[in-house]
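Got the viewer open? Here's a tour you can follow selection by selection.

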Amino acid sequence: MADLFENRDDEYHQWRLAHASGFVLNTHPSPNSSYATLHSASCPHISVYQTTHQGNAFTGNGYIKVCSESEQDLHRWLKQQRPRVHGLDRCTHCLAISNEQVRRST
């Protein structure tokens, strides 16, 4: 199941903290958007406020977050809700951390 957060930063951050091993899809609110990036729930790019951020900086101001414990749920959500997205971009920061964890475990 995927949870959608739009103009609800507080609830979004509560979800992230409760689902540290989950995934966050960053996209625009328009169903016609072709932008979508997948992050881990702990990624600083989608969790740390910068001094220039305004209120609802993560789930407002042209962005929404779709969150799930399952990456597959987010792929299904994209297919149904963002048909213009062809291929899901992955955050390079999250990907670097994931690759480092794999190297350490081998």
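Start by selecting His45: with a relative accessible area of 52%, His45 is exposed. Keep in mind as you click around that this is a predicted model. His45 sits in the loop that runs between strand 3 (36-40) and strand 4. Now show what surrounds His45: setting aside neighbours within four places in sequence, the contacts are His39, Phe58, Cys91 and His93. Pick Cys91 out of that list and put a distance on the pair, C-alpha to C-alpha: His45 and Cys91 are 8.6 Å apart in space, with their positions 46 residues apart in sequence.

**Zoom out**

Colour by secondary structure next. You should find three helices and five strands, and walking along the sequence gives β-α-β-β-β-α-β-α. The protein has 106 residues, of which 38% count as buried. Its exposed surface comes to about 6,500 Å², and carbon and sulfur atoms supply 50% of that. If you like contact maps, count the contacts with a separation of 6 or more: 67% of them join residues 24 or more positions apart.

**Into the core**

Cys91 turns up again at this stop. Select Phe5, Tyr12, Trp15, Val24, Ala41, Cys43, Ile46, Phe58, Cys67, Cys91 and Cys94: these eleven residues are the largest nonpolar core. Apart from that core there is another one, of ten residues, including Leu25, Val66, Leu74 and Trp77. As background, nonpolar side chains in soluble globular proteins tend to be buried together.

Stay with the largest core and click Trp15. What does Trp15 touch, not counting residues up to four places away in sequence? The list runs Asp3, Phe5, Gly22, Phe23, Val24, Ala41, Cys67, Ser68 and Glu69.

**Helix 1, both faces**

Select helix 1, residues 9-18, and show side chains. Its buried residues are Asp9, Tyr12, His13, Trp15 and Arg16. Look down the axis and you'll see why they form one face: they cover an arc of only 155°, which puts them on the same side of helix 1. What do these buried residues pack against? Bring up strand 1 (3-5), strand 2 (23-27) and strand 4 (64-68), and you have the packing partners. Then spin the view round: the face turned away from the buried side carries the exposed residues Asp10, Gln14, Leu17 and Ala18.

**A polar stop in strand 2**

From those strands, go to Asn26, which belongs to strand 2. Is Asn26 buried or exposed? Its relative accessible area is 7%, so Asn26 counts as buried. Show its side chain together with that of Lys65, and you'll find a polar contact between the two at 2.7 Å. Beyond its neighbours within four places in sequence, Asn26 is in contact with Tyr35, Ala36, Thr37, His39, Tyr63, Ile64 and Lys65. You've already met His39, as one of the contacts of His45.

**Three salt bridges to finish**

Side chains of opposite charge can pair when their charged atoms come close. Here the count comes to three salt bridges.

- Select Arg8 and Glu11. Their closest N and O atoms are 2.5 Å apart. Both ends are partly exposed, Glu11 at 40% relative accessibility and Arg8 at 30%.
- Select Glu71 and Arg90. The two side chains meet in a salt bridge, 2.2 Å from N to O. Glu71 is in helix 2 (residues 71-81) and Arg90 in strand 5 (residues 89-90), so this pair ties together parts that are 19 residues apart in sequence. Glu71 counts as buried, at 16% relative accessibility, whereas Arg90 is partly exposed at 42%.
- Select Asp73 and Arg76. Here the closest N and O atoms are 2.4 Å apart. Both residues are in helix 2, and because they are three residues apart, about one helical turn separates them. Asp73 is buried at 14% relative accessibility, while Arg76 is partly exposed, with a relative accessible area of 46%.

For a last view, keep helix 2 on screen with both of its salt bridges showing: Glu71 with Arg90, and Asp73 with Arg76.

Definitions and conventions
Residues numbered from 1 in each chain as written. Predicted model: local features only at pLDDT ≥ 70, side-chain atom pairs only at ≥ 80, totals over all residues. Heavy atoms only, no water. Core = buried A, V, L, I, M, F, W, Y, C linked by side-chain atoms within 4.5 Å. Buried < 20%, exposed > 50% of the residue type's maximum accessible area, 1.4 Å probe, protein only. Contact = heavy atoms within 4.5 Å. Helix = DSSP H or I, 4+ residues; strand = E, 2+ residues; numbered from the N terminus. Areas by Shrake-Rupley, 256 points an atom, 1.4 Å probe, with all protein chains shown as cover. Salt bridge = Lys/Arg side-chain N within 4 Å of Asp/Glu carboxyl O. Arc of directions from axis to C-beta. Polar contact = N/O pair within 3.5 Å; in protein donor to acceptor, adjacent residues only side chain to side chain.
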